[in-house]
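Got the model open in your viewer? Set it to cartoon, keep the selection box handy, and we'll go from stop to stop.

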Amino acid sequence: EELNQKYRRTEDCPDGDPFFLFHRPRRWNARERVWMGYERKRGKLADLNALLRGGGQDRFALVLGTTHVLSTVKYVITLDTDTQLPRDSAREMVGAMAHTLNRPVLDSKRRRVVAGYSILQPRVGVSLPSARRSWFVRLFAGDAGVDPYTRVVSDVYQDLFGEGSFVGKGIYDVDAFEQTCGGFPENAILSHDLLESAYARSALLSDVELYEEYPSRYPADVSRRHRWIRGDWQIAWWLLPWVPGLAARRVQNPISALSWWKIFDNLRRSLVPVAMLLLLLSCWLLVWPPLGTIATIFVLAVVGAVPLLSMLGDLVWKPADLPLQTHLRVTTITFGKHVTQSLLTLVFLPYDAYISLDAIVRTLVRVLW
């Protein structure tokens, strides 16, 4: 109310209030046996979209602000609590979203976007204040505040297939999003971002960057990955020809082959620590001990191939305006960082395998039983 009083009747918002508050009530969830916001974050988006299109007033316990202007809202930018929105990045996202070549084309029969995009996902970098909070962040968070024009900024899916993945922070078209993502089952989906990009079609907006904090400690990062793995295995149904729909009925799976592969690849990635640990244990203890040496070399190659190839690439590619001594020093420091990451990956391998297996088994038990 103070913000609206201060900024009311400006040139940007002559007809109403520029600030709003929408507070959702907690509702009894019989499956979870708790009072909670309906469908968590996915429910927030659904309730907000309904309100923007003239309905859903009963879904909010409190609404502050002049709401008659909300029907004209075309795009929504969704952020997490710790996400920073730099100056002019919202304007750049809206400009890219409104571009003629990016406008979504909806296939009403399959209920998904087949051309253009309903979602644009900016790059997400590590905020400078949090980049040096701990040695864990320094090692695993990557470079903070790096100019994309001096480093390679790319996404394989976007480069090869013209379609990226949604991670929950970006801009979406309200009408297209609601028409494609409104039929998901209740109490069944925790990780909804990848499914939303499969139905509404997402693109990587690499020249716009948002910033957020990286987990400062290993347990916090593990907890986050445990949640991600649970969410990935919850949507494993979308690998089948028929998928869950509303009212406990099955509908034909409408997602593309690329989206199918993204879901499958996430499941494969979650099994990598378990597979590597089982390979080492079985070769050293069960099969034949000399084979354990080969298995160990193979695991070391899997973990260390990326930093080795990265160092070789950095050595070959030297900026013309960078002195050779400086180039070698920077390459050596980067390689040392990658080697440390690989060693810690090996040290954490048993616990990472335990976390992955716990998340997978826990999810399968909850989903199937």
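**Stop 1: Leu328 and its patch**

Start by selecting Leu328, which sits in helix H11. Keep in mind throughout that this is a predicted model. Is Leu328 buried, partly exposed or exposed? With a relative accessible area of 39%, Leu328 is partly exposed, because that class covers the range between under 20% (buried) and over 50% (exposed).

Now add Leu308, Leu309, Leu312, Leu315, Val316 and Leu324 to the selection: together with Leu328 they make a nonpolar surface patch of about 680 Å². Colour helix H10 (289–316) and helix H11 (324–368), the elements that give two or more residues each to this patch. Which of them gives the most? That's H10, with 5 residues.

**Stop 2: zoom out**

Reset the view and take in the whole chain. You should be able to pick out 11 helices and 12 strands. Along the principal axes, the C-alpha atoms fill a box of roughly 70 × 60 × 40 Å. The chain has 369 residues, and 38% of them count as buried.

**Stop 3: helix H9**

Next, select Leu258, a residue of helix H9. Leu258 counts as buried, at 13% relative accessibility, so it falls below the 20% cut-off. Put a distance label between the C-alpha atoms of Leu258 and Tyr157: you should get 8.5 Å, although the two residues are 101 apart along the chain.

Stay on H9, which runs over residues 257–287, and pick Asp265 and Arg269. These two are 4 residues apart, about one turn of the helix. Show their side chains as sticks and you'll find a salt bridge, with 3.2 Å between the closest N and O atoms. How do the two ends compare in exposure? Asp265 counts as buried at 10% relative accessibility, whereas Arg269 counts as partly exposed at 45%.

While you have salt bridges in mind, select Lys41, Asp80, Lys169 and Glu212 together. Salt bridges that share partners join these four into one network.

**Stop 4: more salt bridges**

How many salt bridges does the structure hold? The count is 18. As a general reminder, side chains of opposite charge can pair when their charged atoms come close.

Two more are worth a click:

- Arg110 and Asp107: their side chains meet in a salt bridge at 2.8 Å, N to O. Arg110 counts as partly exposed, at 37% relative accessibility.
- Arg40 and Glu32: here the closest N and O atoms are 3.9 Å apart, which still makes a salt bridge because the cut-off is 4 Å. Both ends are partly exposed, Arg40 at 45% relative accessibility and Glu32 with a relative accessible area of 41%.

**Stop 5: the cavity**

Time to look inside. A search of the whole structure turns up 1 cavity of 30 Å³ or more, and the space in it is about 40 Å³. To find it, select Glu163, Leu194, Leu195, Ser197, Ala198, Ser259, Lys262 and Ile263, which line it. Helix H7 (193–200) and H9 are the elements that give two or more residues to this lining. H7 gives the most, with 4 residues.

What is the lining made of, by class? Colour it by residue type and you'll see 4 nonpolar, 2 polar and 2 charged residues.

**Stop 6: the second largest pocket**

For the last stop, select Arg111, Tyr199, Val251, Gln252 and Pro254. Of the 17 residues that line the second largest pocket, these five lie nearest its centre. Highlight strand S11 (242–244) and strand S12 (250–252) too, as these are the elements that give two or more residues to the lining.

Turn on a surface if your viewer has one: the volume of this pocket is about 310 Å³. Sorted by class, its lining residues divide into 8 nonpolar, 5 polar and 4 charged.

Technical notes: Residues are numbered from 1 along each chain as its sequence is written. This is a predicted model: local features need pLDDT of at least 70, side-chain atom pairs count only at pLDDT 80 or more; totals for chains, interfaces and linings use all residues. Side-chain values use heavy atoms; hydrogens and water are left out. On a 1 Å grid over the protein atoms alone, a cavity is a set of points where a 1.4 Å probe fits but cannot get out, and a pocket is an open set with protein on both sides within 12 Å along at least five of seven lines; lining residues have an atom within 4 Å of a point. Grid points are joined across faces, edges and corners, and a volume is the space filled by probe spheres set on the points. Ala, Val, Leu, Ile, Met, Phe, Trp, Tyr, Cys and Pro count as nonpolar, Asp, Glu, Lys and Arg as charged, and the others, Gly among them, as polar. Patches are made of residues with over 30% relative accessible area and no salt bridge: like charges are joined within 9 Å, nonpolar side chains (Val, Leu, Ile, Met, Phe, Trp, Tyr) within 5 Å. Accessible areas come from the Shrake-Rupley method with a 1.4 Å probe; for residues, only the protein chains shown count as cover. Buried means under 20% relative accessible area, exposed over 50%, partly exposed in between (1.4 Å probe, protein chains only).
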